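Colleague: Thanks for sitting down with me over this one. Could you walk me through the labels and the reasoning behind them?

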Amino acid sequence: MFQDQLLQEGAVAPEFSMPASRNRHVSSQELKGKPFVLYFYPKADTPGCTKEACGFNETLREFEGAGLTVIGVSRDPVSKLDKFADKYDLTFPLASDEEGSVTEAYGVWVEKSLYGKTYMGIDRTTFLVGADGKIARIWRKVKVPGHVEAVLEAAKTL
């Protein structure tokens with residue numbers, strides 16, 4: 001997806017339907033009329049992804065108090081997500097987009113480089129979606145420190 005084709009704030013959030021941790025399933029259809037946070041992270045049980053997931057988990061009551069559902073998305077298989085959720089007692093759904101249709105629809109499957117090698121991976125990105133199904137806020141190239149607090153503040157304004 002080219003930079004000018006990326007989803008923009010105000011756009012309708014792409015639909016999704018994915019299996020999730022702890023025998024759950026998440027879908028945009030089930031969330032119709034409700035605001036939610038959909039955050040994409042590269043890989044379960046890695047340092048940055050763990051900090052981000054634990055941050056959302058620690059503030060989950062506040063998100064729920066503001067009427068929001070929080071969903072984490074990676075391309076990890078559900079079995080890996082279950083282990084990650086169990087290891088850190090993550091109570092919100094961690095969705096598995098193994099085939100990549102959701103990460104591609106949201107424009108977060110991008111070319112990355114590390115030590116001079118290029119590869120495809122998830123760009124850490126968070127979408128705040130309003131009850132109207134439109135994207136209210138987007139955070140791209142997320143740096144974990146302070147991120148969850150920024151999302152929570154924006155969520156409270158919905």
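Modeller: Happily! Let us begin with burial: a residue is called buried when its relative accessible area is under 20%. Keep in mind that this is a predicted model.

Colleague: Then why is Ser21 called buried?

Modeller: Its relative accessibility is 0%, and the cut-off is under 20%, so Ser21 counts as buried. Ser21 belongs to the loop between strand S1 (17-20) and strand S2 (24-27).

Colleague: What does Ser21 touch, leaving aside residues up to four places away in sequence?

Modeller: Its contacts are Leu81, Asp82, Ala85, Phe92, Pro93 and Leu94.

Colleague: Gly100 is in a loop too, between strand S5 (94-96) and helix H4 (101-105). What makes Gly100 buried?

Modeller: The relative accessible area of Gly100 is 1%; buried means under 20%, so the label applies to Gly100. Its C-alpha atom is separated by 23 Å from that of Gly10, and the two glycines are 90 residues apart along the chain.

Colleague: On to the rings. How many aromatic pairs are there?

Modeller: The structure holds ten. One of them is formed by Phe56 and Phe63.

Colleague: Why is the pair of Phe56 and Phe63 called tilted?

Modeller: The centres are 5.6 Å apart, which fits the limit of within 6.5 Å for a pair. The angle between the planes is 45 degrees; stacked needs under 30 and edge-to-face over 60, so what remains is tilted. Phe56 is buried at 0% relative accessible area, and Phe63 is buried at 0% as well. Both residues belong to an aromatic cluster with Tyr39, Tyr41, Phe84, Tyr88 and Phe92.

Colleague: How do you know that the charge of Arg75 sits over the ring of Trp109?

Modeller: The charged end of Arg75 is 3.5 Å from the ring centre of Trp109. The distance limit is within 6 Å, and the position must also be within 35 degrees of the ring normal. Arg75 is listed as sitting over that ring.

Colleague: How many disulfides does a search of the whole structure find?

Modeller: Zero. Cys49, for example, is in no disulfide, as the nearest cysteine sulfur, in Cys54, is 11 Å away.

Colleague: Why is 11 Å too far for a bond between Cys54 and Cys49?

Modeller: A disulfide needs sulfur atoms within 2.5 Å, and these two are 11 Å apart, so the distance is too far for a bond. Cys49 is buried at 1% relative accessible area, and Cys54 counts as buried at 18%, because the cut-off is under 20%.

How values were computed:
Residues are numbered from 1 along each chain as its sequence is written. This is a predicted model: local features need pLDDT of at least 70, side-chain atom pairs count only at pLDDT 80 or more; totals for chains, interfaces and linings use all residues. Side-chain values use heavy atoms; hydrogens and water are left out. Rings of Phe, Tyr and Trp (its six-membered ring) pair if their centres lie within 6.5 Å; planes under 30 degrees apart count as stacked, over 60 as edge-to-face and the rest as tilted. Buried means under 20% relative accessible area, exposed over 50%, partly exposed in between (1.4 Å probe, protein chains only). Helices (H or I, at least four residues) and strands (E, at least two) are DSSP runs, numbered from the N terminus. Contact means heavy atoms within 4.5 Å.
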